[in-house]
Amino acid sequence: MVADQIARRGIRDPRLLAAMRELPRHEFLPEKDWPHAYEDRPIPIGEGQTISQPYIVAAMTAALECRPDDHLLDVGTGSGYQAALLARLVRSVVSIERRPALAARARATLGRLGCLNVTVLEGDGSDGVPAFSPYDGVLVAAGAPRVPADLTAQLAHGGRMVVPVGTSELQHLMVLRRTGERVTEETREGCVFVPLVGRQGWGVEHPAPK
Ligand code: SAM
């Protein structure tokens with residue numbers, strides 16, 4: 001997977017490539033899906049959600065330019081795979097998921113794999129998690145209609161954010177960087193994510209399931 005799908009497409013960061021080689025992606029999927037775990041595509045994880053395509057996980061992680069002492073926010077825990085990958089590259093990760101069943105499963109998987117530096121919370125991550133801010137990096141793993149203002153506000157000086165922004169059919173990865181009060185934005189490749197539901201996403205008209 002790493003050689004064919006990630007390195008061949010231009011991701012070069014050796015720490016990231018090593019972490020992806022070591023992290024057992026199949027552990028984040030039900031056993032029936034293990035034969036497909038390393039394929040070049042997103043895979044359903046239940047509740048209408050997906051574990052993202054390995055390449056897009058790598059591209060977003062590379063764009064965050066993780067440093068070993070960073071403290072990160074991961075919005076949209078899903079299976080927990082992205083959070084576990086980030087956790088291998090930085091000091092600590094706060095990951096938030098609006099669907100309680102997915103959050104519970106991800107918490108169990110991360111515990112089983114010994115990822116002690118990830119805290120999984122339940123709630124609307126489009127508002128961020130101010131209590132644990134500021135963040136050196138914020139990664140949003142769901143498509144937003146615009147960059148959520150509260151997430152930008154929770155970036156530390158020098159902080160980076162990666163968020164897919166666009167319509168529900170097509171988004172582009174936006175990479176933001178905060179320097180003091182100044183925030184620069186860069187638009188990168190196209191992608192297709194499930195929607196970021198919530199107050200600063202596509203709205204709260206579909207409440208989170210109990
Ligand atoms: N990063 C995940 C992984 O490694 O498996 C994949 C994320 S999946 C593409 C997007 C996730 O975002 C879904 O689990 C969905 O329930 C969640 N989500 C959508 N809107 C959210 C919100 N406002 N707050 C938190 N999670 C949200």
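How much space lies in the largest cavity? The largest cavity holds about 50 Å³ of space. This report describes the cavities, the pockets, the ligand site and two backbone features of a predicted model.

## Enclosed cavities

Rolling a probe the size of a water molecule over the atoms shows where empty space is left. Across the whole structure, the search finds two cavities of 30 Å³ or more. The largest cavity, with about 50 Å³ of space, is lined by Phe28, Ile45, Gly78, Ser79, Leu102, Arg105, Ala106 and Thr109. Helix α5, which spans residues 100-112, makes the greatest contribution to this lining, namely four residues. By class, the lining of the largest cavity comprises four nonpolar residues, three polar residues and one charged residue.

The second largest cavity has a volume of about 30 Å³. Its lining consists of Asp13, Leu16, Thr61, Ala62, Glu65, Cys66 and Leu89. Four residues of the lining of the second largest cavity are nonpolar, one is polar and two are charged.

## The largest pocket

About 490 Å³ of space lies in the largest pocket. The lining of the largest pocket is made up of 34 residues, and those that lie nearest its centre are Gln49, Gly76, Glu97, Ala141 and Val194. Divided by class, this lining has 17 nonpolar, 13 polar and four charged residues.

Four elements, β2, α3 (54-64), α4 and β4, each supply at least two residues of the lining of the largest pocket. Strand β2 provides the largest share, with three residues.

## The ligand and its surroundings

Where does the ligand sit? The ligand occupies the largest pocket. The elements that give two or more residues to the shell around the ligand are β2 (49-51), α4 (81-87) and β4 (92-97). Strand β2 supplies three residues, the largest share of the shell, and β2 likewise gives the largest share of the lining of the largest pocket.

There are 25 residues around the ligand, and Ser79, Glu97, Asp124, Gly125 and Val197 come nearest. Glu97 is also listed among the residues nearest the centre of the largest pocket, while Ser79 also appears in the lining of the largest cavity. The shell divides by class into nine nonpolar, twelve polar and four charged residues.

## Polar contacts and coverage of the ligand

Both side-chain and backbone atoms of the protein take part in polar contacts with the ligand. Ser79 places a polar side-chain atom 2.6 Å from an oxygen atom of the ligand. For Gln82, a backbone N or O atom lies 3.0 Å from an oxygen atom of the ligand. A polar backbone atom of Gly123 is 3.5 Å from a nitrogen atom of the ligand. On its own, the ligand has 600 Å² of accessible area, of which the protein covers 99%.

## The second largest pocket

The second largest pocket has a volume of about 180 Å³. Its lining is formed by Pro42, Thr50, Ser52, Gln53, Ile56, Gly190, Cys191, Val192, Phe193 and Val194. Val194 is also one of the residues that lie nearest the centre of the largest pocket. Which classes make up the lining of the second largest pocket? Six of its residues are nonpolar and four are polar, with no charged residues.

## Backbone features

Most residues other than glycine have a negative phi, and most peptide bonds are trans. The model contains a cis peptide bond between Ser133 and Pro134, with omega of about 5°. Pro134 lies in the loop between β5 (118-122) and β6 (135-140).

Glu47, a residue other than glycine, has a positive phi, near 60°. Glu47 is located in the loop between β1 (43-46) and β2. Strand β2, at one end of that loop, is the element that gives three residues to the shell around the ligand.

Conventions. Residues numbered from 1 in each chain as written. Predicted model: local features only at pLDDT ≥ 70, side-chain atom pairs only at ≥ 80, totals over all residues. Heavy atoms only, no water. Near = heavy atom within 4 Å. Polar contact = N/O pair within 3.5 Å; in protein donor to acceptor, adjacent residues only side chain to side chain. Areas by Shrake-Rupley, 256 points an atom, 1.4 Å probe, with all protein chains shown as cover. 1 Å grid on protein atoms, 1.4 Å probe; cavity = no way out; pocket = protein on both sides within 12 Å on 5 of 7 lines; lining within 4 Å. Sits in = over half its atoms within 2 Å of the grid points. Nonpolar A, V, L, I, M, F, W, Y, C, P; charged D, E, K, R; others polar. Points joined across faces, edges and corners; volume = space filled by probe spheres on them.
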